Amino acid sequence: MIHHQARKSLATIIDGKAIAEEIRSRVASDVKRMKAYIGKVPGLAVILVGQRRDSQTYVRNKIKACEEAGIKSVMAELPNCCAEEDVMTALLKFNEDPSVHGILVQLPLPEHLDEEKILNMLSLEKDVDGFHPVNMGNLSMRGREPLFVPCAPKGCLELLIRSGMEIVGKKAVVIGRSNIVGLPIALLLQRHHATVTIVHAFTKNPEQITCEADIIVTAAGVPNLIRSSWLKQGAVVIDVGTCPIEDPSSEHGYRLVGDVCHEEALRIASAVTPVPGGVGPMTIAMLLCNTLDSAKRVYRFD
Ligand SMILES: Nc1nc2c(c(=O)[nH]1)N[C@@H](CN(C=O)c1ccc(C(=O)N[C@@H](CCC(=O)O)C(=O)O)cc1)CN2
């Protein structure tokens, strides 16, 4: 699962795709067991608004992953020009449906829709993305437990643990402060007793901050932002940034790159995630885990 490079000095590449596959097959066997014992399977509802190509791909991959794990999925597809009310109607229907244990609204939504208002209407018990404001509040407060940890952050944590990185007391720097990735990852690392700094677009001299970090989780969406001079020797680098860049030599005319200059990071870090094949596949694996956990909670099945 962890590929050591031929040259001794190069970092380990953390194979998120292989780890995600292992987790997905564990989920599949748990779903099978649930079906055999109580005759029920977990159900996921997906709401997709508009026709963004990337969102369509992610949703397609989520539904395929559900299928492979034996999780039932339903989808509401709404046009880009739909009203907030239409999204609410779909969402409330899924909130009421007892065969649905997880609901997700694919983000980003078109600009005219109020994301916070919509996420706020999700049943807290079915919010498998963990984006409901109350869930985020619980994630941020000591002594409280969120029902669901957001998928990409949960995947990052799993990759960090698998890389052998001890988190307690370590200096962690998170680059980016979005509600989907940067903010929840920072909260999660803090929960695991790291000393966390968030770097964002207004941070002065970010390089001076990142080069002291034992752990870097980057979700800036800026290709090759993180060069070797930004890294401490032996750091673990988790790259959540995914950006398509033009590449006439590839099949679709583009390829995906992360925030990290991968070749440079390999020479300085102790472990690095690739893009693609790092955090992305883990995001989908964690969604399956959260959906399964939700169904287990409903049926009191363990
Ligand atoms: N409701 C949500 N919206 C969004 C989330 C989310 O967790 N919940 N996260 C991102 C997009 N995302 C999931 O929705 C996601 C992004 C990337 C991948 C992935 O597997 N990436 C692959 C490459 C895939 C490709 O070829 O295009 C990889 O990195 O290897 C999965 C899910 C924003 N919205």
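Two residues are taken to be in contact if their C-beta atoms, placed from the backbone, lie within 7 Å. With that in hand, L107 makes a handy way into this predicted model. Leaving aside neighbours within four places in sequence, L107 is in contact with E115 and I180. L107 sits in the loop that runs between strand 5 and helix 4 (115-120). Its surroundings hold 17 C-beta neighbours inside 10 Å, so L107 counts as partly exposed. Along the chain L107 and I47 are 60 residues apart, yet their C-alpha atoms are separated by 9.4 Å.

L107 also turns up beside the ligand. The shell there is made of 19 residues, and those that come nearest are Y58, L107, P276, G280 and T283. Helix 2, strand 5 (102-105), helix 6 (151-162) and helix 10 are the elements that each give two or more residues to this shell. Helix 10 gives the most, with four residues. Sorted by class, the shell has 12 nonpolar residues, six polar ones and one charged one.

Stepping back, the protein chain has 10 helices and 12 strands. A compact globule of 302 residues would have a radius of gyration near 19 Å, and the chain has 19 Å, which agrees. Taken along the principal axes, its C-alpha atoms fill a box of roughly 55 × 45 × 45 Å. Some 44% of the 302 residues count as buried. Of the contacts between residues at least 6 apart in sequence, 65% join residues at least 24 apart.

Helix 2 (residues 53-69) is worth a slower look. This helix has 17 residues and reaches 24 Å from its first C-alpha to its last, close to the 24 Å expected at 1.5 Å a residue. Its buried residues are K62, A65, C66 and A69. Seen down the helix axis, these fall within an arc of 105 degrees, so they line one face of helix 2. As a rule, an α-helix has 3.6 residues a turn, so residues three or four places apart point the same way. On the face of helix 2 turned away from the buried side are the exposed residues R53, T57, K64 and E67. The cover over the buried residues of helix 2 includes helix 1 (16-38), strand 3 (43-49), strand 4 (72-78) and helix 10 (279-299). Just past the end of helix 2, G70 takes a positive phi of about 85 degrees.

Helix 1 can be read in the same manner. Its 23 residues should span 33 Å at 1.5 Å a residue, and the end C-alpha atoms are 32 Å apart, which agrees. Buried in helix 1 are G16, I19, A20, I23, V27, D30, V31 and M34. Covering these buried residues are elements including strand 2 (12-14), helix 2, helix 6 and helix 10. Just after helix 1 comes G39, with a positive phi of about 70 degrees.

The last stop is V181, in the loop between strand 6 (171-175) and helix 7 (182-191). V181 has 26 C-beta neighbours inside 10 Å, so this residue counts as buried. Not counting residues up to four places away in sequence, V181 touches A152, P153, G176, A219 and V240. V181 and C156 are 25 residues apart along the chain, with 9.8 Å between their C-alpha atoms.

Note on methods
Residues numbered from 1 in each chain as written. Predicted model: local features only at pLDDT ≥ 70, side-chain atom pairs only at ≥ 80, totals over all residues. Expected span 1.5 Å × (residues − 1). Buried ≥ 20, exposed ≤ 12 C-beta atoms within 10 Å, placed from the backbone. Arc of directions from axis to C-beta. Rg over C-alpha atoms; globule rule 2.2 N^0.38 Å. Near = placed C-beta within 6 Å. Nonpolar A, V, L, I, M, F, W, Y, C, P; charged D, E, K, R; others polar.
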